[in-house]
Amino acid sequence: MINKIPEKYNEGLKRLLGIVAVASIISAAFLFIGFTEKREIITKETGHLFWKHTTKKIVNHPLSERIVLLIGAVLLIVMAVFCLILIVKIIIKQNRQKRYVTIFKGNEEISVKKLANIMGIETQIVLEDVQNLISSGMLSGFYINFKNNSVVNTNFIPKNIKKSVVTCGSCGKRNELIIGVPKKCVSCMEPLITNI
């Protein structure tokens with residue numbers, strides 16, 4: 001469930017869940033205090049100034065009336081725990097996504113199976129995470145090659161760079177390109193083909 005939430009909403013969702021958790025805990029505390037009150041003293045004042053008369057009345061609250069407060073407090077605590085679990089899952093997801101970015105640096109293509117082994121998670125979760133990162137813009141220049149079941153980095157530049165000058169087959173303009181990195185002609189935007 002958490003893996004399907006786009007990356008751009010994670011911070012806001014964490015804050016919202018934190019606010020709900022704190023409000024639930026505070027409300028549960030008040031309900032529990034109400035549950036523990038077995039008696040209530042009600043004071044009533046009649047008259048004016050010097051002729052004021054105060055009466056005190058003690059009202060006992062049976063357990064059958066107070067049990068609703070206890071149930072409400074327990075439900076609010078359960079909701080707070082659920083919110084905190086979701087916050088932890090979001091933090092784990094964010095840390096996992098940072099690891100992906102580190103793994104992708106320096107790799108032109110990496111298989112999803114290899115990524116799953118490195119991360120220690122299932123391949124389906126890897127696919128969801130990577131697609132989420134690509135959709136959110138955290139991994140620009142990447143795509144998932146479903147044919148090879150791999151993640152491809154279109155921005156990859158090899159360490160041993162070899163440049164070449166290629167003439168465009170469409171417009172005849174000469175273009176400089178890095179061998180192994182796809183490029184389009186600067187004039188007509190047609191893909192350049194190397195003869196190497």
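Me: A salt bridge is a side-chain nitrogen of Lys or Arg within 4 Å of a carboxyl oxygen of Asp or Glu. In this predicted model, what makes the contact of Lys 52 and Glu 45 a salt bridge?

Reply: The distance does. The N to O separation between the two side chains is 3.6 Å. The cut-off is 4 Å, so the pair of Lys 52 and Glu 45 qualifies.

Me: How do you know whether Lys 52 is buried, partly exposed or exposed, and where does Glu 45 fall?

Reply: Lys 52 has a relative accessibility of 49%. Exposed begins over 50% and buried ends under 20%, so Lys 52 is partly exposed. Glu 45, at 53%, passes the 50% mark and is therefore exposed.

Me: How many salt bridges does this rule give?

Reply: The count is 3. Another of them joins Glu 11 and Lys 14, with 3.3 Å from N to O. That value is within 4 Å, so the contact between Glu 11 and Lys 14 meets the rule.

Me: Where do Glu 11 and Lys 14 lie?

Reply: Both residues belong to helix H1 and are 3 residues apart, about one turn of the helix.

Me: Why is Lys 14 called buried or exposed, and what is Glu 11 called?

Reply: Lys 14 has a relative accessible area of 18%. Buried means under 20%, so Lys 14 is buried. Glu 11 has 38%, which is between the 20% and 50% limits, and therefore counts as partly exposed.

Me: What makes the contact of Arg 96 and Asp 129 a salt bridge?

Reply: The closest N and O atoms of Arg 96 and Asp 129 are 2.6 Å apart. This is within the 4 Å limit, so the name applies. Arg 96 sits in helix H2 and Asp 129 in helix H4 (residues 123-136), so the pair ties together parts 33 residues apart in sequence. Arg 96 and Asp 129 are both buried.

Me: Why can such side chains pair at all?

Reply: Side chains of opposite charge can do so when their charged atoms come close.

Me: How do you know whether H1 and H2 are roughly parallel or antiparallel to each other?

Reply: Helix H1 (residues 10-36) packs against helix H2 (residues 63-104) at about 160°, and the axes are 8 Å apart. Angles over 145 degrees count as roughly antiparallel. The angle here is past that limit, so H1 and H2 are roughly antiparallel. The crossing of H1 past H2 is left-handed. Their contact has 24 nonpolar, 9 polar and 4 charged residues.

Me: Where is Val 20, and how far is its C-alpha atom from that of Leu 84?

Reply: Val 20 is part of helix H1. Its C-alpha atom is separated from that of Leu 84 by 9.4 Å, with the two positions 64 residues apart along the chain counted as their spacing. At 28% relative accessible area, which falls between 20% and 50%, Val 20 is partly exposed.

Me: What makes the approach of the Asn 175 side chain to the backbone oxygen of Lys 173 a polar contact?

Reply: A polar atom of the Asn 175 side chain lies 3.1 Å from that oxygen, and the limit for such a pair is 3.5 Å. The Asn 175 side chain also reaches the backbone nitrogen of Val 186 at 3.2 Å, again within 3.5 Å.

Me: Why is Asn 175 called buried or exposed?

Reply: Its relative accessible area is 2%, and under 20% means buried, so Asn 175 is buried. Asn 175 is found in strand E7 (residues 174-178).

Me: What about Val 130: buried or exposed?

Reply: Val 130, in helix H4, has 1% relative accessibility. That is under 20%, so Val 130 is buried.

Me: What makes the phi of Asn 149 stand out?

Reply: The sign does. Most residues other than glycine have a negative phi. Asn 149 is not a glycine, yet its phi is positive, about 55°. Asn 149 is in the loop between strands E4 and E5, and at 34% relative accessible area it is partly exposed. Met 189 also has a positive phi, about 65°, without being a glycine. Met 189 lies in the segment after E7.

Notes. Residues numbered from 1 in each chain as written. Predicted model: local features only at pLDDT ≥ 70, side-chain atom pairs only at ≥ 80, totals over all residues. Heavy atoms only, no water. Axes fitted to C-alpha atoms, helices over the stretch in contact; angles between N-to-C directions. Helix = DSSP H or I, 4+ residues; strand = E, 2+ residues; numbered from the N terminus. Left-handed = near helix turned anticlockwise from the far one by under 90°. Nonpolar A, V, L, I, M, F, W, Y, C, P; charged D, E, K, R; others polar. Buried < 20%, exposed > 50% of the residue type's maximum accessible area, 1.4 Å probe, protein only. Polar contact = N/O pair within 3.5 Å; in protein donor to acceptor, adjacent residues only side chain to side chain.
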